[in-house]
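User: Could you take a close look at how the charged side chains pair up in this model, and at what surrounds those pairs? I'd like one connected walk-through.

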Amino acid sequence: MSGREQFITVLNLAKKEGRNFLLEPECDEILRAYGIPVIDSFFVKTQEEAAEVARKLGSPLVEKVVSPDVVHKSDVGGVKVNINGEKEAADAFAQIRDSLKEKMPGARFYGVYIQKMLSGGVETIVGATRDPQFGPVVVFGLGGIFVEVLKDVSFRVAPIGLEEGLDMIDEIRAAPILNGVRGMKPVDKKSLAAVLVAVGELLIENQEISSLDLNPVMALPEKAVAVDSRIILG
């Protein structure tokens, strides 16, 4: 199935449920279809399934709520981090479910998305939006204060090639961090640039997407991998 065909399948389900956004498991399906590496994640519907996944993955883990009524998961207590072991995984599942029920009565709870917490590397942000004048625009920056405080980002109008992606990475002020500082290894910038290229292609081929946010994309010495994703439909 092509990336466009995969998107249409997911889009039809979102329309059926009256959603203007994709659930995170759906986002990851789309990203994989466009060759964007995503962290191994598992959608579970019960506490028992959460415990079983924890046994297989090891620790520490992250759990995130999956609900067709929730766009911003943190606002409803829908994210738990540093989960260790099967019991904590099962307990976190219940806490997320109960928090959603308390903060958004009537919201549908599908389950949680579990993934292993990554260590090392540099947190980056890859985004895209659809500008009324220029069309799809790809955005890159580092995570944390670099985006929130310093607004240290670069932009390109899609489509972009690999060299343009590398230029985007190198032109932010914090680029030296990606080259390795204080004993850190340089990150795989070519893999990171490939994510930027693919995000541009994704928006060009799927006009129904209003914006996309991969935050963070972990830049590691051997690869770049998307850890959290959001796709808004327009």
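Analyst: Let's start with burial: a residue is buried under 20% relative accessible area, exposed over 50%, and partly exposed in between (1.4 Å probe, protein chains only). This is a predicted model, where local features need pLDDT of at least 70 and side-chain atom pairs count only at pLDDT 80 or more, though totals for chains, interfaces and linings use all residues. Residues are numbered from 1 along each chain as its sequence is written, and side-chain values use heavy atoms, with hydrogens and water left out.

Now for the charges. Side chains of opposite charge can pair when their charged atoms come close. Here the cut-off for a salt bridge is a side-chain nitrogen of Lys or Arg within 4 Å of a carboxyl oxygen of Asp or Glu. Searching the whole structure turns up 13 of them.

Take helix α6, which runs over residues 162–171. (Helices here are DSSP runs of H or I with at least four residues, strands are runs of E with at least two, and both are numbered from the N terminus.) Glu171 of α6 makes a salt bridge with Arg156, at 2.8 Å from N to O. Arg156 belongs to strand β7 (residues 153–157), so this pair ties together parts that are 15 residues apart in sequence. Glu171 itself is partly exposed, at 44% relative accessible area.

Right beside Glu171 in the numbering is Asp170, which is also partly exposed, at 40% relative accessibility. What does Asp170 pair with? The partner is Lys189, with the closest N and O atoms 2.8 Å apart. That bridge links distant parts of the chain, as Lys189 is in helix α8 (residues 189–205) and Asp170 is in α6, 19 residues apart.

Staying in α6, we come to Glu164, partly exposed at 34% relative accessible area. Using heavy atoms within 4.5 Å as the meaning of contact, and setting aside neighbours within four places in sequence, Glu164 touches Arg156 and Pro159. Its side chain also reaches the backbone nitrogen of Gly161 at 3.0 Å. (A polar contact is a pair of N or O atoms within 3.5 Å; within protein, one must be able to donate a hydrogen and the other to accept it, and residues adjacent in sequence count only if both atoms are side-chain atoms.) Further along the chain, the C-alpha of Val197 sits 8.5 Å from that of Glu164, with their positions 33 residues apart in sequence.

Back in helix α8, Ser191 is worth a stop. Ser191 is buried, at 17% relative accessibility. A polar atom of the Ser191 side chain lies 3.0 Å from the backbone nitrogen of Ala224, and apart from residues up to four places away in sequence, Ser191 touches Lys223 as well as Ala224.

Next, a pair with no exposed partner: Glu24 and Lys73 bridge at 3.4 Å, N to O. Glu24 lies in helix α2 and Lys73 in the loop between β2 (61–66) and β3 (79–83), so the bridge ties together parts that are 49 residues apart in sequence. Are these two buried or exposed? Both Glu24 and Lys73 are buried. They also belong to a salt-bridge network together with Lys64 and Asp228.

Helix α2 (24–33), where Glu24 sits, is among the elements covering the buried residues of helix α1, along with β8 (209–219) and β10 (229–233). Helix α1 spans residues 3–16 and reaches 20 Å from its first C-alpha to its last. Its buried set is Gly3, Gln6, Phe7, Val10, Leu11 and Ala14. Those residues cover an arc of only 130° around the axis (taken from the directions from the helix axis to the C-beta atoms), which puts them on the same side of α1. Charge shows up on the face turned away from that side, in the exposed residues Lys15 and Lys16. After α1 comes Gly18, with a positive phi near 75°.

Helix α3 (residues 47–57) has Ala50, Ala51, Val53 and Ala54 as its buried residues. They fall within an arc of 165° seen down the axis, so they line one face of α3. They pack against β1 (41–44), β2, α4 and β4. On the face turned away from them, α3 carries the exposed residues Glu48 and Lys56. Gly58 follows α3, and its phi is positive too, near 85°.

Notes
Expected span 1.5 Å × (residues − 1).
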